[in-house]
Amino acid sequence: MASDMQQPDTRTTPGARLLPALRRLCGLLAAAIGLTALLGWFADFPLLATFGSGKIPMAPSTALFFLLFGLAASFLDRIAATGRLARLLFVAGAAAATLTALLLMVLSARGIHPSAEYLGLPISGMVNGSPIGHMSPLTAFCFVLAGSALLTGLQAGPRHRWPAAAAFCCGGLVSLISFALLLAYLLGAPLLYGSGIIPPALSTSLAFLLLGISLQIVAGPSAWPHDRLASLADTRTPYVFALIFILLGAGIITASFLSFRKHEKEYRLGVEQQLSAIAELKAMRIADWLSGQQRQAEELAANPGFVLRLQRWLEQGTESEREIVLSRLTALLSIHGYEEATLLDSGDRVLFNQGGQTLPEELPHGMLARARADGRVMRCDLHRDSAGKVRLTWVIPITTPPAEGGRLLATVLFASDPEQFLFPFVRSWPTPSRTAETLLVRREGNQALFLNPLRFQEDAALRLRIPLRETTIPAVQAVLGKEGVVEGLDYRGKAVVAALRPVPGSSWFLVARMDMAEIYAPLRERLWLMVVLLLALLLGAGAAVLVLWHRLEHAHRLALFSAAAEKDRLYALELEKRVAERTSQLAAANRELEAFSYSVSHDLKAPLRGIDGYSRLLAEEYHDRLDNEGRGFLDNIRSGVGQMHELIEDLLAYSRMERRALHSDSLDLPSLVRTVLAECRAEITRTGAVVRTAVPAITVHADREGLTMALRNLLENALKFSGNSRPVAIDIGARSENGTTVLWVRDNGIGFDLKFHDRIFEIFSRLERAEDFPGTGVGLALVRKAMQRMGGRVWAESEPGRGAAFFLELPENAITP
Amino acid sequence: MTEELLNRPVLLVEDNPVDVDLTLRAFARRKLTNPVLVARDGEEALAWLPRWEAGQPLPLVILLDLKLPRIDGLEVLARWKSHPISKSIPVVVLTSSKEDRDVTEAYRLGANSYIVKPVDFSKFLEVANQIDLYWCILNQPPG
C-alpha cells in the first residue's frame, strides 16, 4: 500500500525535537563560556578565562564575540520569525561582527594588537611569549567562519539548499578546527604555544566546538534533502549509527591518547636517564679531579726534600735553597697547569709570586688560619681575584716534620684557572643541544651561588645569586640537598628538567639540565602528526559510518519499496478477484430480480384483468338491474383496478430503470422531443394544451429509452398538473453550455412550494390528493433514477399557483456500459 | 372459400380461466361465428399438431399466451413454427408480458404479431375487435 511510503510529520518525531534543543544548548553554553571569561576579567579572576594555569586566557574581545555569537546561534530561529526589522538588524550586526573579526585576524597575523581588545580593562603580561588579552588570528578566523555561517544560515530553508550547505560547511570547519585544538590541549601539547602566533585558549577552543555544533544544527536540517531527513526521523538506525561513531571516535581518541602518554613517559624517562647519567658522570669526574688536585697539592707538602730545602732557606737563610725552591715552584706551576703560585712565609708575607696576584687578603676569611691550624692542604673554593678572574686556589701549609716540632714554615698558594679544565668540562655536553647545560652551584648564606659561567649569561660565574626561597629553581633545590631529577624554572624563567647531584668531596652541587621545550620538541612534532592522523582517522570512520548507513538506508528503502510493491500487487490481485466475485453476484442478483419482477408483473396483472373484466361485464349486461349507486360501485371498482395497474406498470418501469443496461446513443434532441410529443398527442389534444418547443439542434449522448421516459414523464406531469389555467401552456427548451446540456419543461399549472423540492422526487411521494390529481407518485422518482444512471440530474423551480419548470441536465458523456 | 373460412377455428392457448372466459365473452360480443378452440396448456396446444396432420382444419389464427404450465409458450411457438404443417399458421402472441426479451424471442421464433393484454376490459374488447377484423376477416390465411 502506497500509504506506507508517505513522509511522517517531521515536526513531531523525536529526532526533530532533539536537534533544535541541542542547538540552543550548545549556543547558550558557548555564550556562557564567553560571559564567564568576561566576568573573570572584570572581577580580576583570570582563572575563569583560562581553565587552567600556565595557559593563555581567553581575550576579552574573544569573550564578547562568544557571548554575541552564542546567543545569535541559539535564538536564530526566533529572530528569523520575528519580522523584517529584526532580521535586518541581525544581518547588519552579524556582518559587522564578521568584518571586525576579519580585521582583527589580519592585524593579529601581522603582529599588530589593538588595545581596544582589552575592552578597557588593564591587562598586561605574556604567556609563552604571546601577549595575553588579544584574540588569536586563528580565533579571529573561526569567528569569520562563524559569522558567515550565521548569515547564510539565516537564509537557509528547505528551498534554499546552497546557503544551508555553506552554513553547514562553515560551522563544520569551526567544529573541526576547535576539535583539533582541544585534542592538542588534551594531549598536553597545545598548538601554537611558543610559536610567533598567539594560540587560542582552551576555553576558546571549547566554546568554538560548542558554537560550531550549534551552527551546524542551524543549517543541517535544511541542508539535508527532505526525504532523507524524513527517513532519518522515522527509523532508529541513525541514532545507532551516531552512537557507533561516537564510540568509535571515543575509542580512537582514547587509544591514541594512551599511546601518546606512554610514548611521552618513555621518552621523558629516557631524557631523565640521560640527564642523570650526565650529571653522575660529571659529578664523579669533578670529584675525581678535585681529589686529584688535592693529592697533587698534598704531595708537595709531603715532599721531604722540598720541606727540608724550604726549612733551610727560611729558617737558616740558605739562599741557594731559595732558588731551588722557587724554581721548583715554577716548575710545578707549569707541570700542573696552575695559573699562579705564591709563597707566603709564616707571617703571611709574600715571598714569591708568579702568574698573578692572589693576595692573602683575597682569600676567604680565615682560610689561611684554618689551613695552618689544621696543617692540611685546603682548597679555597672558587672565587674571584682582584682582577676579577675566577680562581680555584690550593692553600698548602708547609710544616716541619712532627719530629722537629711541626711548626709552620710557609704557605704555598697554587691558584688554578678553572677554565683550564673544570669549566670546559662542566660546559661540555655529549650530544649537540640547544639548551642543555651543566651548572655548579654552592650555598652561600641563604643564597645559591652559581659557580661557572652560564650558557645564557656569560659572566654569571660567582656573581649570580638566587635566594634559597626560590625553590622552583633546580639550582636552589640542589643546594637545599635535593638529588635526582626535578622540574622547575631556571634562572631565565624557562621551564627545565634538571638532574641534581652533589659533587662528593666538595660543597658543590651539579645541575645538568635541559629546557622542556627542547625535550618536548620531538614530542611536539609527533603530536602534530598524531593530531592530523587522528582527525583523518575520525573523518574516515565518520565517512565509513555514513556510507554504511547510506547503504543500509538504501537497501532498507528498496526492501520497503519492493515489499510495498509486492503488497500492492497482491492487493490488486485480491481486488480483481473480489470484483469478479461481486460482479457475478450482482449479475445473479439482477437476474433474480428480473425474474421476480417479470413474474410479479404477470401474476399481479392477471387477477386485475379478471376484476376489471367482470365488473365491466356486470355494468353492461346487468345495466338495467343496477341503480345509479350500483353502477357507481362498479365504476369505483374499475377505477381501483386502473390505479393498481398503473402502479404495477410504474413500479416495473422503476425497477427496470434500475436494472437495465444503459446504452449510449447519439440522440438528436429535437427529434426526441417530437417523439415524446407524438406519444402524448392524445392527452395534449384532450387538454387543449399549447406546446411550444424551442430546442436547438443539439446532439446528446445518452440512453434513449431513459431520456425519452424522463421527458415523457415530465410532459405528462405538466399536462396533468395544469390546474385551471386556460390555455394550458407548456414550453420545452434546451441549451448546451460548458459541456452539459440542459433540457426543460415549463408549464403554467398549479406549481408547488419549493420546500417540497426534494420530496417530490421520492418514490410514492405525492403533494396533491389522489382524487384531485391521479397518479402513483412514481413518475418523478423514475425521472430522477433515469437521470442519475445517465450521470445527469433533475431539479425544479416553481411557485405555488404560478407553474413549474423541470430541468434535466446531461453531462457531455453519458455513462457507457 | 368464405364458408371454409367461416368454419376455420381460432385457437386460443391460455391457462388462466378468467382470461379464457373474458376472451370468449369479448369474441362473443363481436358475434364471432368462427369456433374458438381453447388449449389450457402447452401440451394441449401441441396435441393439435397430430390432429391437423390428420386433416382437421387449420386455425385462422392462434392466440398464444406465453406463461403456460407444462410447456412454455415460446417452446410451443418454436415447435409450431418448425413443424411443416403448422409453421405457416399466423400466431399472435397475446400475453401480459411487455418484456423486451419476450418480444424479441417471440418474433425470432416466428410470431406474426405480439399484443400485450390490457388490464382494462374496454381496451381488451378493442383488441378482440382488432384481432377479429384483421385476422379473421381481412387477413388471407394460408391454405
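In this predicted model, Leu329(A) touches Leu300(A), Phe306(A), Leu343(A), Phe352(A), Val412(A) and Phe414(A), when residues up to four places away in sequence are not counted. Leu329(A) is also one of the residues with the most contacts inside the largest nonpolar core, a group of 63 residues in which Ile286(A), Leu343(A), Phe414(A) and Trp508(A) are named alongside it. Helix α10 of chain A, spanning residues 237-302, gives this core its largest share, twelve residues. A second core, separate from this one, has 48 residues, among them Phe69(A), Ile79(A), Leu154(A) and Leu211(A).

Helix α10 of chain A also takes part in charged pairings. Within the helix, the side chains of Glu266(A) and Lys262(A) form a salt bridge with an N to O distance of 3.6 Å, and because these two residues are four places apart in α10(A), about one helical turn separates them. An α-helix has 3.6 residues a turn, so residues three or four places apart point the same way. Glu266(A) is partly exposed, at 47% relative accessibility, while Lys262(A), with a relative accessible area of 54%, is exposed.

A further salt bridge leads out of this helix, since the side chain of Glu280(A) meets that of Arg501(A) at 2.3 Å, N to O. Glu280(A) belongs to helix α10 and Arg501(A) to strand β12 (residues 495-502) of chain A, so the pair ties together parts that lie 221 residues apart in sequence. Arg501(A) counts as buried, at 17% relative accessibility, whereas Glu280(A) is partly exposed, with a relative accessible area of 31%.

The strand that holds Arg501(A) can be followed to its partner. Strand β11 of chain A, residues 484-489, runs antiparallel to β12(A), and six bridges join the two; within this pairing, Val485(A) stands opposite Ala499(A) of β12(A). The two strands make a hairpin with five residues between them, and in the turn Gly493(A) has a positive phi of about 95 degrees. Turning again to charged side chains, a network of salt bridges links Glu437(A), Asp490(A), Arg492(A), Arg513(A) and Asp515(A). Over all chains, the count of salt bridges comes to 38.

One of the salt bridges crosses from one chain to another. The side chains of Arg609(A) and Asp19(B) meet at 2.8 Å, N to O, and because Arg609(A) lies in helix α16 of chain A while Asp19(B) lies in helix α2 of chain B, this pair joins two chains. Arg609(A) is buried, at 4% relative accessibility, and Asp19(B) is likewise buried, with a relative accessible area of 4%.

Helix α2 of chain B, to which Asp19(B) belongs, comprises the 13 residues 17-29; at 1.5 Å a residue it should span 18 Å, and the C-alpha atoms at its ends are 18 Å apart, which agrees. At the N-terminal end, Asn16(B) caps the helix, with a side-chain oxygen 3.0 Å from the backbone nitrogen of Val18(B), and just after the helix Lys31(B) takes a positive phi of about 60 degrees. The buried residues of α2(B) are Asp19(B), Val20(B), Leu22(B), Thr23(B), Ala26(B) and Phe27(B). In chain A, these buried residues pack against α16 (516-621), and in chain B they pack against β1 (10-13), β2 (36-39), β3 (61-64) and α6 (121-138). Thr23(B) offers a single-residue view of this packing: with a relative accessible area of 5% it is buried, and apart from neighbours within four places in sequence it is in contact with Leu12(B) and Phe124(B).

A last stop is helix α20 of chain A, residues 704-720, where Leu711(A) is found. Leu711(A) counts as buried, at 2% relative accessibility, and, leaving aside neighbours within four places in sequence, this residue is in contact with Leu672(A), Val673(A), Val676(A), Leu743(A) and Val745(A). Although Leu711(A) and Leu808(A) are 97 residues apart in sequence, their C-alpha atoms are 8.5 Å apart in space.

Definitions and conventions. Residues are numbered from 1 along each chain as its sequence is written. Chains are lettered from A and ligands numbered from 1 in the order in which they are written. This is a predicted model: local features need pLDDT of at least 70, side-chain atom pairs count only at pLDDT 80 or more; totals for chains, interfaces and linings use all residues. Side-chain values use heavy atoms; hydrogens and water are left out. A nonpolar core is a set of buried Ala, Val, Leu, Ile, Met, Phe, Trp, Tyr and Cys residues joined through side-chain atoms within 4.5 Å. Buried means under 20% relative accessible area, exposed over 50%, partly exposed in between (1.4 Å probe, protein chains only). Contact means heavy atoms within 4.5 Å. The expected span of a helix is 1.5 Å times one less than its number of residues. A polar contact is a pair of N or O atoms within 3.5 Å; within protein, one must be able to donate a hydrogen and the other to accept it, and residues adjacent in sequence count only if both atoms are side-chain atoms. A salt bridge is a side-chain nitrogen of Lys or Arg within 4 Å of a carboxyl oxygen of Asp or Glu. Two strands pair if DSSP finds at least two bridges between them.
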